[in-house]
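Trainee: I would like to take a close look at a single part of this model with you. Could you walk me through it at an unhurried pace?

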Amino acid sequence: MNWESWSAFWHMGGYAFYVWGSYAVTLLCLAGEVFLLARRRRTLLKTLNQMHRLANQDRNETPT
Amino acid sequence: MMSINWFKYSSPATFYPLAGRLVPLFYTLAVLFSVAGLYVSFFVAPTDATQGEAYRIIFIHVPAAWMSMFIYLVMAFWAGIGLAFNTRLSSMMAQALAPTGAMFTFVALWTGALWGKPTWGTWWVWDARLTSELILLFLYIGYMSLTAAIDDPRRADKAGAILALVGAVNVPIIYFSVQWWNTLHQGASVSLTRAPSMAMTMLTGMLLMALAAWMYAIAAALSRVRLIILEREKHTAWVQQLLDRKP
C-alpha cells in the first residue's frame, strides 16, 4: 500500500494539482461525450417520431 | 466450412441493431477495466524514484495518446474504404470515430501539459512530439468541420476521406518524432523489441487503462454510428418500421 492515510492520497506527494487536474478533466471529457451522445439521441428520436406521426396522419386523412 | 456472411453486417439496417446490443457490453467492459486499472495505478504501482507521484499522470496520458493516433488510423482506414468501394457504412463509421479521437487527443495534450509543468518546468514547448500531436487535433477538427459543412452526405464523405487520408501521414511523424528529432519528450515507454523501461506493476496499470480506453472508444463510436445511421436513413422503410414498433 502506497498511502499512509486518505489525506496523503489526496495530497499526491505535493503534485495534487497536476495529478487530480489530469484525472478530473479526463473524467469530465468522457462524461461530457456520453452526455452529448445521449442528448443527440433523445432529440433525434423525438424529431423522427414527430415526422413519422405527421406522415401517418396525412396518409390517414387523405381520402382514398 | 463455416461461412459467415460478413457483407450482411455492412448494411446499415442490420448493423444498427447489432451495434445497439454491443454498446452496453463495451461500456461495461470499459468500467471494469477502469476500476481495475485505477486500482493498480494508485494503490499497487509504487512511487516513481525520480518523478515522485507526478508520474501517475502516465496512466491516462499514454493510453490517451495511443488512442488519439490509433483512432485516427482506423478513421482514415474506414474513410478510405468508403471512398474506394462506395460503402455507406464505412464512411459513417469514419465520421463516428472523429469526435472520440479528438477527445482523446485533447486529453493527451492536456495531461501532457499538466505533466510537463512539474517535470520539465513548462506547460508547453514547440517541439516535434507536442507540435505534431497538436496538428493531429487540428486534423480531427478539420475533418469534422469539413464533413459538417457539406450538405450532401456522399460528397461530405468523399471530401472528408481525402483529408483523413492525407492527414494520416502525421501519425508516423508523431510516433517516431522522439527518435527523429531532439526533444524534451521521453522515448517510448513500451516497445516490442526491448524490455519495458518501467516496473511491471506500472506497466500493468498502463495496459489496463489502455484496455479501458479501447472499450470506451468502441462503445462511444458504435453509439454515435447508430445516430448517424438513423439520421441518414430516416426515410427508408426499415427506419419507418422501427418507429412504428417504438412510438
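Which residues does V225(B) touch, not counting residues up to four places away in sequence?

Mentor: Happy to. Please keep in mind that this is a predicted model. V225(B) touches A19(B), M92(B), M93(B) and A96(B), once residues up to four places away in sequence are set aside. Together with I57(B) and M75(B), V225(B) is among the residues with the most contacts inside the largest nonpolar core, a set of 68 residues. Helices of both chains feed this core: α2 (16–61) of chain A and, from chain B, α1 (12–44), α2 (58–85), α3, α4, α5 and α7 each supply at least two residues. The biggest share comes from α7(B), with 18 residues. As general background, nonpolar side chains tend to be buried together in soluble globular proteins.

Now for the chain around that core. Chain B has 8 helices and 0 strands, and its pattern along the sequence reads α-α-α-α-α-α-α-α. Its C-alpha atoms fill a box of roughly 65 × 40 × 35 Å along the principal axes. Of the 247 residues in chain B, 39% are buried. Among contacts in chain B with a separation of 6 or more, 77% join residues 24 or more positions apart.

Let us stay with α7(B) and look at how it packs against α2(B). The axes of these two helices come within 9 Å and cross at roughly 45 degrees, which makes α2(B) oblique to α7(B). The crossing of the pair is right-handed. On the α2(B) side, the contact is made by I58(B), F59(B), I60(B), V62(B), P63(B), A64(B), W66(B), M67(B) and I71(B), which meet G205(B), M206(B), M209(B), A210(B), A213(B) and A217(B) of α7(B). Sorted by class, this contact of α2(B) with α7(B) has 14 nonpolar residues, 1 polar residue and no charged ones.

G205(B) also turns up in the surroundings of A45(B), a residue in the loop between α1 and α2 of chain B. Leaving out residues up to four places away in sequence, A45(B) touches V40(B), A199(B), T201(B), M202(B) and G205(B). The C-alpha atoms of A45(B) and T204(B) are 8.6 Å apart, although 159 residues separate them along the chain. A45(B) has 23 C-beta neighbours inside 10 Å and therefore counts as buried. For a contrasting loop residue, take N86(B), between α2 and α3 of chain B. N86(B) is exposed because it has 12 other C-beta atoms within 10 Å. Its phi is positive, near 60 degrees, and N86(B) is a residue other than glycine. In general, most residues other than glycine have a negative phi.

Two further helices that supply the core, α4 (residues 128–149) and α5 (residues 153–167) of chain B, have axes that come within 9 Å and cross at roughly 170 degrees. That makes α4(B) roughly antiparallel to α5(B), and the crossing is right-handed. In this contact, L139(B), G142(B), Y143(B), L146(B) and T147(B) come from α4(B), while A156(B), A159(B), G160(B), L163(B), A164(B) and G167(B) come from α5(B). The contact of α4(B) with α5(B) includes 7 nonpolar and 4 polar residues but no charged ones.

Finally, let us turn to the other chain. In the pairing of the two chains, 30 residues of chain B are in contact with 22 residues of chain A. On the chain B side, α3 (88–120), α7 (200–232) and α8 (237–245) each supply at least two residues, and α3(B) gives the most, with 10. That side of chain B divides into 18 nonpolar, 6 polar and 6 charged residues.

The partner of α3(B) to look at is α2(A): their axes come within 9 Å and cross at roughly 170 degrees, so the two helices are roughly antiparallel to each other. Here Y18(A), G21(A), S22(A), V25(A), T26(A), C29(A) and E33(A) of α2(A) meet T100(B), M103(B), F106(B), V107(B), W110(B), T111(B), L114(B), W115(B), K117(B) and P118(B) of α3(B). By class, the contact of α2(A) with α3(B) has 10 nonpolar, 5 polar and 2 charged residues.

Terms used: Residues numbered from 1 in each chain as written. Chains lettered and ligands numbered in written order. Predicted model: local features only at pLDDT ≥ 70, side-chain atom pairs only at ≥ 80, totals over all residues. Axes fitted to C-alpha atoms, helices over the stretch in contact; angles between N-to-C directions. Helix = DSSP H or I, 4+ residues; strand = E, 2+ residues; numbered from the N terminus. Parallel < 35°, antiparallel > 145°, perpendicular 65-115°, else oblique. Left-handed = near helix turned anticlockwise from the far one by under 90°. Contact = placed C-beta atoms within 7 Å. Nonpolar A, V, L, I, M, F, W, Y, C, P; charged D, E, K, R; others polar. Core = buried A, V, L, I, M, F, W, Y, C linked by C-beta atoms within 7 Å. Buried ≥ 20, exposed ≤ 12 C-beta atoms within 10 Å, placed from the backbone.
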